[in-house]
Amino acid sequence: MNSVDFLLTNKDITYEIRTEIKRLGRPIPDLIISKTDVGKSRNYSRNFNSSVYDRFKWLCGCPKRNKLFCFICLVMGGNRSAWTQEGCVGKGKR
């Protein structure tokens, strides 16, 4: 019930269900997100690090979509943005 996919596909969620989702906590899966940048002398590779969840307590992930979302925004509703609709992975290849 507290998966990002559930929250994205079920817009009419009752207050009781939202409270239960909040109690269960945000989903923080390991995601496979990487980016390669070309520098002047070499290529740089960056990969997703799950420690980002510790730094940003509002962040959650969706392994099905392989993207990051704002957990508070998904649970409480609000403005439609990349953090609540499409998810964010940054620029570059996944």
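A disulfide is a pair of cysteine sulfur atoms within 2.5 Å. The exercises below concern a predicted model.

**Exercise 1. Determine how many disulfides the structure holds, and classify Cys70 and Cys73 by accessibility.**

Solution. Step 1: the search covers the whole structure, and the number of disulfides found is zero. Step 2: the relative accessible area of Cys70 is 8%. Buried means under 20%, so Cys70 is buried. Step 3: Cys73 has a relative accessibility of 29%. This value lies between the limits of 20% and 50%, and therefore Cys73 is partly exposed.

**Exercise 2. Describe the secondary structure of the chain and the pairing of strand 1 with strand 2.**

Solution. Step 1: the chain contains four helices and four strands. Step 2: read from the N terminus, the order of the elements is α-α-β-β-α-β-β-α. Step 3: strand 1 spans residues 34-38 and strand 2 spans residues 43-47; five bridges pair them in the antiparallel sense. Step 4: the connection between strand 1 and strand 2 is a hairpin of four residues. Step 5: within this pairing, Thr36 of the chain has Ser45 in strand 2 opposite.

**Exercise 3. State how many aromatic pairs there are, and give the geometry of each.**

Solution. Step 1: a pair of aromatic rings is described by the distance of the centres and the angle of the planes. Step 2: the count is two aromatic pairs. Step 3: in the pair of Phe48 and Tyr53, the distance is 5.7 Å centre to centre and the angle between the planes is 70°, an edge-to-face arrangement. Step 4: the ring centres of Phe56 and Trp58 are 6.0 Å apart, with the planes at 65°. An angle over 60 degrees counts as edge-to-face, so the pair of Phe56 and Trp58 is edge-to-face. Step 5: Tyr53 is buried, at a relative accessible area of 2%. Phe56 is partly exposed at 33%, and Trp58 is partly exposed at 31%.

**Exercise 4. Identify the largest nonpolar core and the elements that supply its residues.**

Solution. Step 1: in soluble globular proteins, nonpolar side chains tend to be buried together. Step 2: the largest nonpolar core here has 11 residues, including Val4, Leu8, Ile13, Cys62 and Phe69. Step 3: at least two residues of this core come from each of helix 1 (4-9), strand 3 (59-62) and helix 4 (71-76). Step 4: another core lies apart from this one; it has seven residues, among them Leu31, Phe48, Tyr53 and Leu68. Step 5: Cys60 belongs to the largest core. Leaving aside neighbours within four places in sequence, the contacts of Cys60 include Val4, Phe71 and Leu74, as well as Tyr53 and Leu68.

**Exercise 5. Locate Val75 and list its contacts.**

Solution. Step 1: Val75 is part of helix 4. Step 2: the relative accessible area of Val75 is 3%, which means that Val75 is buried. Step 3: not counting residues up to four places away in sequence, Val75 touches Leu7, Arg18 and Ile21. Step 4: Val75 and Leu7 are 68 residues apart along the chain, while their C-alpha atoms are separated by 6.9 Å.

**Exercise 6. Summarise the chain in overall values.**

Solution. Step 1: the chain has 94 residues, of which 32% are buried. Step 2: among contacts with a separation of 6 or more, 46% join residues 24 or more positions apart. Step 3: the exposed area of the chain is about 6700 Å², and 53% of it is supplied by carbon and sulfur atoms.

How values were computed
Residues are numbered from 1 along each chain as its sequence is written. This is a predicted model: local features need pLDDT of at least 70, side-chain atom pairs count only at pLDDT 80 or more; totals for chains, interfaces and linings use all residues. Side-chain values use heavy atoms; hydrogens and water are left out. Buried means under 20% relative accessible area, exposed over 50%, partly exposed in between (1.4 Å probe, protein chains only). Two strands pair if DSSP finds at least two bridges between them. Rings of Phe, Tyr and Trp (its six-membered ring) pair if their centres lie within 6.5 Å; planes under 30 degrees apart count as stacked, over 60 as edge-to-face and the rest as tilted. A nonpolar core is a set of buried Ala, Val, Leu, Ile, Met, Phe, Trp, Tyr and Cys residues joined through side-chain atoms within 4.5 Å. Contact means heavy atoms within 4.5 Å. Accessible areas come from the Shrake-Rupley method with a 1.4 Å probe; for residues, only the protein chains shown count as cover.
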